[in-house]
Structures are given as structure tokens and as C-alpha cells.
Amino acid sequence: MGGVPLSIDAEIMATIRYKDVGIRALSACVPRDVVYNKDLGYLIPEEAIQKTIDSIGVRERRIAAEGVCASDLAYRAAMQLMADNQIEPDSIDVLLFMSQTADYRIPATAPLLQDRLGLPTDTLAMDVSLGCSGYVFALSAAYAYASLPDVRRVLLLDGETFSKIVNRKDTVDWPLYGDAATATLVEKGDFGESVFILRSDGSGRDAVIIRDGMRNPVTAASLVERKNENGDIHNGLEVYMDGMDVFNFAMKRVPKTIRELSEVSGTPLDAVDWLVFHQANRFMTDFFVKKLRFDPEKVPYCIDRYGNTSSTSIPLTMASELYGRLKDGDRLVMAGFGAGLSWGVAGLQMQGCRISPVIEY
Amino acid sequence: MMDMEDFIANFADQFEDTDAGDIRADTAFHELDEYSSLIALSIMAMVDEEYDVQLTGADIRTAVTVEDLFNIVKARRA
């Protein structure tokens, strides 16, 4: 590794390139408890249930038990990855935890995971928080750290338990979201060039939001359930999503940014072996596949069994769907998009990536 | 030039159970039994594909009739 490992293209801003760092191993952990969308009769008229399932593509989801946090699932995923790949805890120099459902508001969860995983106290451990795009951004941070000469391994844990922040009477969000966590090990190797495009548009902050916090202080009224303009119920500490505004944003940004990545990385879309979307909802990503005229066979989905697991959905899809199918030299494009608004796409070359089978908590 | 009849036909295509004859320019589409937020997404996708216009949630919410939506799309194309 010589010179500056990270270069930001001056002409096309926010195109980030890394050389010879990549994903060495991947694992995932989902809660044991399954919730079936066919049982949503209390929320959706019986005759509309099948249509909803077919449209969003979610047949069932995993929901974490009370007291089980994203970090617990992430801990298991990390232990599995370390065991399957004989990774010594003291060979990990950086630990990143990407989540919107951390254990506490203070402290951050990453130091807790450092301690629990038996990583040395000289580990750099910190949380990263963003929306459903979070994995792509956090992976870029992992690549940046792993590019540094004295950093050996970066462990990126991405876990979400949206079941704790979604109202069970919310017809938009409750049928959609599931809980899961993943571990991604990033290190140097013969990975060639990786390209990331990471973008932000905070003018769309209202599209996906939990209203009460610091801007709107938490009071007793935060716990009062209210109906929003679509007739859905949630309180001030639960997530609100305007599905139409998210769709408007994603259809404007996502296919276009994927095409842009193809141009700046010099990889035509038909040379891409896997296009892994954030598992937002099946209707939406099928539409993008059609718009891009991309081969649907190369677009893996796990949304039918795990739902939308927010930022975790890209690595979960890779772990659950590419296990035993990913080949050395495969070109993989991932696309994350969501709250912020925030979206990111990355083009990676996969080389010697060891995927552990999905485990249950 | 955007044609109202084509737009209505494309609009009606997004519904499965609703009779196409029940969808006219002056139909208050939010009141159709089959209308849902998922149908709204189909309409947005159709408008993107057929007319290259990206409707927002507010566009869909404020439009009362199919013609209202037609006018939004038409204005945005101009």
C-alpha cells in the first residue's frame, strides 16, 4: 500500500474509490420468532391481505423478543463469523456498529460490543447511524479504515430491530419491517477497485421520521397514539413513513445512480453478476429492475422471509441468498436508500468472501 | 400532446377489481373501494414510465379526480 489509499474524484463529487480492500467474510443472525402476514386480519381486510403480501413481497418476518436488541443479534452474528473464519479478537482494529435501534441513547453500542466480543481496549469502536442506506455508507467507512496501512481488520456490525419502533396498528410499516443483524469482515486483499457513490438530501427529512427526541422534546404526550393523514396510527416515539414520498424519491434517484455507478466504474450493467437492493418492498425494487432492464435472475431477494430489515437488508440478502452461489470474481452492485433522505450505491468485486449460513437467536 | 383517454386507460390498468368503466375523468379516485396506498404506488410508477413525471405523495393526496392528476402530469411535462 503506497501513497494515499483513498481518492475522491474531483470532477464527479462523492465518487469514492478504494483499491485492494474488500469483504472477506459475512454472517447473519435473525430472531427465532416468525410473524406471518397472513395473520394480519386485525389490521387489514381479509380480502386485501393476499394483495398486500404479493405487492410488498413480505410473507413472514422475524421479530426479536422483548429485551433482545439489535446488538444481541449482531453479537451472535459476529461470534459466528469469528468462529467460522478463525478470527482472533485482537486482530480486529476497528469495530463499527450501524443501527437506528441502539441499546441506549448514551452510551453508543459499539464499545459495549467491543467488550462483549472480547476485543482489546485499543479497538476503535463507534456507532454509525443513518437510514436504510446505512450499510453502504458504513461499508465505505469500513473500507476507508481498512485501507490504512496500520489497520488490519474492520468488523462492521449492522443490526436493526424495527419491531421496537413500529406501531402494530400501522398498516404501512407493521406488515413490512423485520428484525435482523449481520457481521461483515473487511480487510486488505486482491480485491481490485471498489467504487462508492454516497448521497444525501435532507430536504426530504419528513419522509421517514420519528418525531420526538431533541428537536421535539419527549413528553408524556409522545406516548399518545395519533392518526396520521393516511389514517395510520403511531405515537411520537414510533416511526412514521410516507410510502409515496419514499417511492417518489427512490424512483428519481436509485436507478439513475446505479447507471451513474456503471459509467464511472466502467462496468456495464450486463457485466454485473448480482444487484443487491435494500429490501424496501418488492413492488418498488421490481420496478427499478424493470426500469434498468436488468436481468431479474441476478437480483436476489430475502424480503419474502425476513421483510424489510432496514439498513441490515443488503448484507442479510447477501448472506441468505448468495450463500453457496457467490463466485470469486463476481461483480456485485448494492443500492441502499431511505431516511434522511440518503442513498448510496457501491460496485464491489467479490473475492474469497466466506459466507456463514444464517443463524437464529 | 397528452391524451386524457390514454391517461384514464393507463390509470384504470392499475386496478384489478374495479371495472374500467367506473373510472372516468371526474372520478374521485380516493373513494374507489379498491384504492389503497399500494395502488397509489402503481399509479406513480405508471406515470413515471409513461409520462416521465415523478409524482409526490402530496400530488396524489391533493388530487381529487383523475382529471386533477392528469392536469398535474400535463403541467409537469410542459
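**A bent helix, a globular chain and a shared interface**

Helix α5 of chain A bends by about 35° at A:Ala250. This helix belongs to a predicted model, and its length can be checked with a little arithmetic. The helix covers residues 243–265, 23 residues in total, and at 1.5 Å a residue these should span 33 Å. The end C-alpha atoms of α5 in chain A lie 31 Å apart, which agrees with that expectation. Just past the end of α5(A), the backbone at A:Gly266 adopts a positive phi of about 70°.

Stepping back to the whole of chain A, the secondary structure consists of eight helices and 19 strands. For the 361 residues of chain A, the globule rule gives a radius of gyration of 21 Å; the value found is 19 Å, close to the rule, so chain A is as compact as a globular protein of that length. Along the principal axes, the C-alpha atoms of chain A fill a box of roughly 60 × 45 × 40 Å. Of the 361 residues in chain A, 50% are buried. Contacts in chain A also reach across the sequence: among those with a separation of 6 or more, 79% join residues 24 or more positions apart.

Chain A also has a partner. Here, 16 residues of chain A are in contact with 14 residues of chain B. On the chain B side, α2 (37–51) and α3 (57–62) each supply at least two of the touching residues. The most comes from α2(B), which gives seven residues. By character, the side of chain B that touches chain A is made up of seven nonpolar, five polar and two charged residues.

Technical notes. Residues numbered from 1 in each chain as written. Chains lettered and ligands numbered in written order. Predicted model: local features only at pLDDT ≥ 70, side-chain atom pairs only at ≥ 80, totals over all residues. Helix = DSSP H or I, 4+ residues; strand = E, 2+ residues; numbered from the N terminus. Expected span 1.5 Å × (residues − 1). Bend = angle between axes of the 7 residues up to and from the residue. Contact = placed C-beta atoms within 7 Å. Nonpolar A, V, L, I, M, F, W, Y, C, P; charged D, E, K, R; others polar. Rg over C-alpha atoms; globule rule 2.2 N^0.38 Å. Buried ≥ 20, exposed ≤ 12 C-beta atoms within 10 Å, placed from the backbone.
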